[in-house]
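Me: Please take a close look at one pocket of this model. I should like a connected account of its lining, followed by the parts of the chain around it.

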Amino acid sequence: MLSKFRQFEKSYLNTALLLLFIVIIPYIFLAFFSVPASDDFGQSAESLNLGILGFIKYRYLTWNGRYSSDFLIAFYNVIGHKFDDYFLINFFYIVPLFVLLLYTASSSIFISLITESKNFKLNLLFALISLVSIIVHTELNSTVF
C-alpha cells in the first residue's frame, strides 16, 4: 500500500511540475521579444560614461536605494558593450530570462532552508508556484519585462 502511495505521490509531483512549466513557458517565450525602455537607454549611457563603480556612486548619491539593481544594470551594460556595440538592443532578452531563473533558484533555496527539505522536485514545485504567483500578481512591464 505504501509503495502505491509513493508512486502516486511521485506521479502527482511530476504532473504538477509539468503543468507549472507549461504555465511559465509563454513568459520564457515572451522574454525574447522584450525591448529596452527609455530609462534602460539612459542607464546604459550613464553606466558607459561613468563605468560600473562611477555609475553606482552616481545612482547612490542622486537616485534611490536600489544598490544591487544598479550594480547589475551597470555590469550588464559595461561588460556587454565590450562584446557588442548594440548589446543592450540585441541581447535585452537576457534580463527577463535572468530574472525568471534567478527568482526560481532563490525561491527554491529559500524553501529548502526553511523547510529543511532535501527533495529537489518538491522544492522546485514550490519555487515554481511562487514564480507563477509573482508573475500573475504583478505588473509585468515594471518587473520581469
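Reply: pLDDT is the predictor's confidence in each residue, on a scale from 0 to 100. The model is a predicted one, in which local features require a pLDDT of at least 70 and side-chain atom pairs count only at 80 or more, whereas totals for chains, interfaces and linings use all residues. Numbering starts from 1 along each chain as its sequence is written, and side-chain values rest on heavy atoms, with hydrogens and water left out.

The average pLDDT of the protein is 79, and 87% of the residues score at least 70. Among its elements, α1 has the lowest mean pLDDT, 75, while helix α2 (residues 38–62) has the highest, 85. Helices (H or I, at least four residues) and strands (E, at least two) are DSSP runs, numbered from the N terminus. The protein has 6 helices and 0 strands, which gives the pattern α-α-α-α-α-α along the sequence.

The pocket chosen here is the second largest, with a volume of about 170 Å³. Its lining consists of F21, I24, I28, L97, L100, L101, T104, L124, L128 and L131. The helices α1, α5 and α6 each give two or more residues to that lining, and α5 gives the most, with 4 residues. (A pocket is an open set of points, on a 1 Å grid over the protein atoms alone, where a 1.4 Å probe fits and protein lies on both sides within 12 Å along at least five of seven lines; lining residues have an atom within 4 Å of a point. Points are joined across faces, edges and corners, and the volume is the space filled by probe spheres set on them.)

Two of the lining residues may be followed individually. I28 is found in helix α1. The relative accessible area of I28 is 36%, so this residue is partly exposed; in these terms, buried means under 20%, exposed over 50%, and partly exposed in between, with a 1.4 Å probe and protein chains only. Leaving aside neighbours within four places in sequence, I28 is in contact (heavy atoms within 4.5 Å) with L97 and L100, both of which also line the pocket. I28 and Y93 are 65 residues apart in sequence, yet their C-alpha atoms are 9.3 Å apart.

L101 belongs to helix α5. L101 counts as exposed because its relative accessible area is 60%. Between the C-alpha atoms of L101 and I28 there are 9.7 Å, across a separation of 73 residues along the chain.

The pocket lining also overlaps with the nonpolar interior. The largest nonpolar core has 12 residues: L13, A16, L17, L20, I24, L100, L124, L125, L128, L131, V132 and I135. Both α1 (2–31) and α6 (120–137) supply at least two residues of this core, and α6 gives the most, with 6 residues. (Such a core is a set of buried Ala, Val, Leu, Ile, Met, Phe, Trp, Tyr and Cys residues joined through side-chain atoms within 4.5 Å.) I24, L100, L124, L128 and L131 appear both in the core and in the lining.

Further residues of the three helices extend this picture. A31 lies in helix α1 and is buried, since its relative accessible area is 0%. The C-alpha atoms of A31 and L100 are separated by 9.4 Å, with their positions 69 residues apart along the chain. In helix α5 (residues 94–115), S107 is buried as well, because its relative accessible area is 8%. Beyond the neighbours within four places in sequence, S107 is in contact with A127 and S130.

K121 is found in helix α6 and, at a relative accessible area of 36%, is partly exposed. Not counting residues up to four places away, K121 touches L13, N14 and L17, of which L13 and L17 are core residues. The C-alpha atoms of K121 and K10 are 9.4 Å apart, although 111 residues separate the pair in sequence.

The loop between α5 and α6 contains E116. This residue has a positive phi of about 55 degrees although it is not a glycine, and its 67% relative accessibility is why E116 counts as exposed.

For the protein as a whole, 28% of the 145 residues count as buried. Among contacts with a separation of 6 or more, 60% join residues 24 or more positions apart.
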